[in-house]
Amino acid sequence: MTSWSIDFNPLVPLWLLYTLAAASLLISIALILRGTRGAWLRTLAFGLALLGLCDPNLVQENRRPLKDIVAVVVDRSESQQIGGRPAQTDKARDEVEARLKALGDVDLRVVETSREESDTEGTRLFAALGDALSDAPPERVGGAIMITDGDVHDIPGAAAALGFNAPLHALITGHEGERQRRIELIEAPRYGIVGKDQVIAARVLDSAGQDEPVKLTVRRDGETIATVDAEVGQRIDVRAPIEHAGVNVIELEIAPVPGELASDGDRAVVNIDGVRDKLRVLLVSGKPHPGERMWRNLLKSDANVDLVHFTILRPPEKGGDGVPINELSLIAFPVADLFGRKIKDFDLIIFDRYAQQSILPYTYLDNIVTYVRQGGALLMAEGPEYSTPDGLFYSPLGAIAPAEPSGDDLEAPFRAQVPDLGLRHPVTRGLAGAEAGDSQPAWGRWFRLVGAKATDGQTVMTGPDGKPLLVLSRVDKGRVGLLLSDQMWLWARDYDGGGPYLDLLRRLAHWLMKEPELEEEALRASARGRTVTVERQSVSGEARDTFLTGPDGAKTKLALAAVAPGLSRAQTTVDRFGLYRAEDGEHVALVNVGPENPLEMRDVVSTPEKLRPIAEATGGSVRRLSASDADDANVPRIVGLNPAPSYAGSDYIGVKRTGSGELIGARSTSLASGFFGLALLLGAVVAGWLAEAGRFDRRRK
């Protein structure tokens, strides 16, 4: 392709050229107005002189035509997987590609959006379009075609932001009359205080605009806790009690309606991390001894613990002065309040080497038994007193104690051991120095063990000859721990190498307070991206079939593999977001995969209206591929058009023919320099001089 043009390359600066042109114009006007002979010829000479200073060149260019660049953006987001949209999308893509190739001279660039990106950021078609055209010169872009359901979340505010001057067309999947009812979260707390309620604000939306009443079911960790009557479009405040520390999975669900697009919107999930406000611990020390300081330092080191410490400094039997018991303390201690009406305020009660000394009447000990049976936590750290008639076993607390004294106390060096059961128990599993397979843990020695026989619960630590050292028991709704030695303070002082006392005691306290992570028999589920991890904790070691149920009801059997004693794990990759349910026949674990209220799935009704303003601003169009609920994809004709205000009609869409080309050769010829230009200029000057001298007039005479 050859083209001709004239190019100017001024020999002097433009300001000087403009000055000379202005001066020449003024002189020429003055000469013409005065009627000077040869004024027009002088004006011609001035013009030729200025033209020579502009240095005009005749340019001949040889260009190779370049193809017009057309981008096709295919939406593969999560909402595009609903119903017949995938089939519509595939068919439309194939037809659009075929018709663009049939046009000829088209550089076709097809890009598909990532489903994974839409999971977190919504549908970003224009970001994908920008990536596809990032290296394309704007003047070569002939247009863009999007195949989508219209739910796009990065639509620019103006057509200029596209970076090219060409039509944008959108072909919309889905069909008219689609309906979706969904739950929209307005306010969703992330944290909550254990024992208190959190308020979740939500509303039910219906694309059909029907305002019939609906019932909202509220579940916590899979169990129904409330049913709320709601109206479509109205705010609903749901009170969700936070029962335990860790993740509380709150699920809101409405019944599906006939003909709705997807059931995902019928359920919303909120994960609320339960945190304890202040752990209230009551520590009762029967006598001063080295271990008392260990307990106090351990509990006071945690700023989240509110400690009430009740210490008996002088037992009544050591006083011979007849002073009444209620006058032995330096200050009046509110025993009646602490062990009476306020006992339920404590999260944990610890008896440290306490024996019956007529300080606490049996009525108060009965209150502690009731407190435990109703869900409280009790730890008894015992010394030699446990084997005496004044020991706690022979008080009302004996009814919930998991071991009875045998009278064969040990007063000799020994090392604590973890039996097979303890290796599987979350309180003692994996303690530093007691790895599985070690016959003798690398811990410091103790020098006293209270002889006892376990009558209930589980023995997770032992002394010589398998004698119980730490016994854990469940009593109705509460829990009891029994430590049959007062020597743990030796580990705290790092005697003989010490031991993991901090880790052990913290796990023990959290197990007593029902920390979900320390349950002996439990099923847990977590998610990272689309990978779901299911863990089964089992002290019994009993094998159970474990299944994972997806939001669509599909059930998958998991193959759990042992990763530690008493702990097995399985991982699986899921293909959609939503609430998943793991169950082994006895336990249930819930996990939400993806955002709690994903942007992509908030509104899945297909619509041409969101893309219409920007498409029409470029001269393009937006139209549906199908008017019915069939999976048809009626792609309009695609034609090439010269630059025009509109590139669409009733049955066609157009791409812009840019006429772009690549320069492969050029030749330039000066029109004002050389002999011809000089002769023309001199001829005009001489003619003007002769005319002024009247030579042309004499010849006519």
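In which helix is Arg-296 found? I looked this up first and found Arg-296 in helix α6, residues 290-300, where helices are DSSP runs of H or I with at least four residues, and strands are E runs of at least two, numbered from the N terminus.

I noted that the model is predicted, that local features need pLDDT of at least 70 and side-chain atom pairs pLDDT 80 or more, whereas totals for chains, interfaces and linings use all residues. Residues are numbered from 1 along each chain as its sequence is written, and side-chain values use heavy atoms, with hydrogens and water left out.

Arg-296 counts as partly exposed because its relative accessibility is 36%, the term covering what lies between buried (under 20% relative accessible area) and exposed (over 50%), with a 1.4 Å probe and protein chains only. I then listed the positive surface patch to which Arg-296 belongs, together with Lys-278, Arg-293, Lys-300 and Arg-493; patch residues have over 30% relative accessible area and no salt bridge (a side-chain nitrogen of Lys or Arg within 4 Å of a carboxyl oxygen of Asp or Glu), with like charges joined within 9 Å and nonpolar side chains within 5 Å.

I next looked up a nonpolar surface patch of about 500 Å², made by Trp-4, Ile-6, Phe-8, Leu-51 and Leu-58. Strand β1, residues 2-8, gives the most to this patch, with three residues, while Leu-58 lies in strand β2, residues 56-65.

For the whole chain I recorded 14 helices and 35 strands, and buried residues make up 47% of its 701 residues.

Conventions:
Accessible areas come from the Shrake-Rupley method with a 1.4 Å probe; for residues, only the protein chains shown count as cover. Lys and Arg count as positive and Asp and Glu as negative; His and the chain ends are not counted. The place of a charge is taken as NZ of Lys, CZ of Arg, CG of Asp or CD of Glu.
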